[in-house]
Amino acid sequence: MTTMAQETDVRRHELAGFLRSRRERITPEQVGLPHGRRRRTPGLRREEVAQLSAVGVTWYTWLEQARDIQVSPQVLDAIARALLLDASERTHLFALAGAADPAPGTPCPTVTPSLRKMLEQLEPFPACVQNSRYDILAYNRTYGRLLCDLDALPPEDRNCMILAFTNDDWRASVAELSDAKGMMAAKFRASMAGHLAEPAWKSLLARLEKSAEFREVWARHEVVGQAGRNKLIRNAHVGLLRLEHHNLWLGPSAGPRLITYVPLDAESRERLEKLQALALAEV
């Protein structure tokens, strides 16, 4: 066996071991699958990973057995998403496979430098960029202090659905929390219809379903489209804010959007300016 062939063989076995280790650490609940009674395999089964990745069970089994097969970057991408790999793990996966990552861990292309500059220029009006899953992709300083201290949260918790059902500061800031929770769940269900099989959506839903409040509103099966509305926010630093919520779509209507909050009266405008000053003082 040539040196190159030996290296390729070693990499295939390393890849097989890596995939098995990542598969075994994930619970079915994390990706929206039922646990089942007779589960002897730790984590996910091979057929479940194949199902989530939309590849054949035999083919995926061969991959974990270090068989000499060809694997495309697109398939590796699907497997990385199914196994909920983080940026470092994803890079390792593609390195072992000797393939170029079709979607490397770079900043979201939706959030361009010019868009970030626009967010800054909108201050003191709070503004952010969200995707249809309610992930907060970028925000200006006023928005970062509007409902809670977003900078203090890890990126995986910067999701409006998670915050609305689990974060005490965020919940205390929403004056009409009960109505807001029902409306958000209905919008989330409508958005999720086109992403039912995607691991990231399943993982978020599994996390939300740990909340009894979410389970109660989710069971209603209500749906509603995205639309702007007036909101009352009790900011912990400057008091009550009367704001008008606007959506500006950055792509297809089910995709990312720029969200702005415009004050409805002079008092709210003054309080937003105070909030901006507080945020600037913390920099």
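Modeller: Helices here are DSSP runs of H or I with at least four residues, strands are E runs of at least two, and both are numbered from the N terminus. Residue numbers start from 1 along each chain as its sequence is written, and side-chain values use heavy atoms, leaving out hydrogens and water. What you're looking at is a predicted model, where local features need pLDDT of at least 70 and side-chain atom pairs count only at pLDDT 80 or more, while totals for chains, interfaces and linings use all residues.

Colleague: Okay, let's start with the sheet. In what order do its 5 strands come?

Modeller: Strands count as paired if DSSP finds at least two bridges between them. The sheet is open, and its pairing is antiparallel. At its edges sit β2 (136-139) and β3 (230-235), each of which pairs on one side only. Reading across the 5 strands, the order is β2-β1-β5-β4-β3.

Colleague: β1 and β5 are neighbours in that order. Which residue of β5 is the bridge partner of Q130?

Modeller: β1 covers residues 127-130 and β5 covers residues 257-263. The two run antiparallel and are joined by 4 bridges. For Q130, the partner in β5 is R257.

Colleague: And on the other side of β1, what is the bridge partner of C128 in β2?

Modeller: β1 and β2 also pair in the antiparallel sense, this time over 3 bridges. Look for C128 there, and its partner in β2 turns out to be Y139.

Colleague: Which residue takes a positive phi in the hairpin of β1 and β2?

Modeller: The hairpin has 5 residues between the strands. The phi in question is near 75 degrees, and the residue that takes it is Y134.

Colleague: Any other backbone oddities? Where does A54 lie?

Modeller: A54 has a phi near 60 degrees, which is a positive value in a residue other than glycine. To find A54, go to the loop between α2 (46-53) and α3.

Colleague: And where is the place of P124?

Modeller: P124 stands out for the peptide bond that leads to it from E123. That bond is cis, with omega near 15 degrees. P124 itself is in the loop between α6 (113-121) and β1.

Colleague: Let's go inside. How much space lies in the largest cavity?

Modeller: On a 1 Å grid over the protein atoms alone, a cavity is a set of points where a 1.4 Å probe fits but cannot get out; a pocket is an open set with protein on both sides within 12 Å along at least five of seven lines, and lining residues have an atom within 4 Å of a point. Grid points join across faces, edges and corners, and a volume is the space filled by probe spheres set on them. The structure holds 2 cavities of 30 Å³ or more. The space in the largest one comes to about 390 Å³.

Colleague: Which element gives the largest share of that cavity's lining?

Modeller: There are 26 lining residues, and the closest to the centre are A180, M184, K231, H245 and Y261. Two or more lining residues come from each of α8 (160-166), α10 (177-192), β3 and β5. The largest share, 6 residues, comes from α10.

Colleague: What about the second largest cavity: which element gives the most to its lining?

Modeller: That cavity holds about 50 Å³ of space. Its lining is made up of G182, A185, A186, R189, V217, W218, R220, H221 and E222. At least two of the lining residues come from each of α10 and α12 (212-218). With 4 residues, the top contributor is α10.

Colleague: Now an open space. Where does the largest share of the lining of the second largest pocket come from?

Modeller: This pocket has about 290 Å³ of space. Its lining has 16 residues, with T8, R12, I69, V71 and A97 nearest the centre. α1 (3-25), α3 (57-64) and α5 (87-97) each give the lining at least two residues. The largest share, 4 residues, comes from α1.

Colleague: Last one. Which helix do D77 and R81 both lie in?

Modeller: The whole structure has 21 salt bridges, each one a side-chain nitrogen of Lys or Arg within 4 Å of a carboxyl oxygen of Asp or Glu. D77 and R81 meet in one of these, at 3.0 Å from N to O. They are 4 residues apart, about one turn of the helix. That helix, residues 73-82, is α4.
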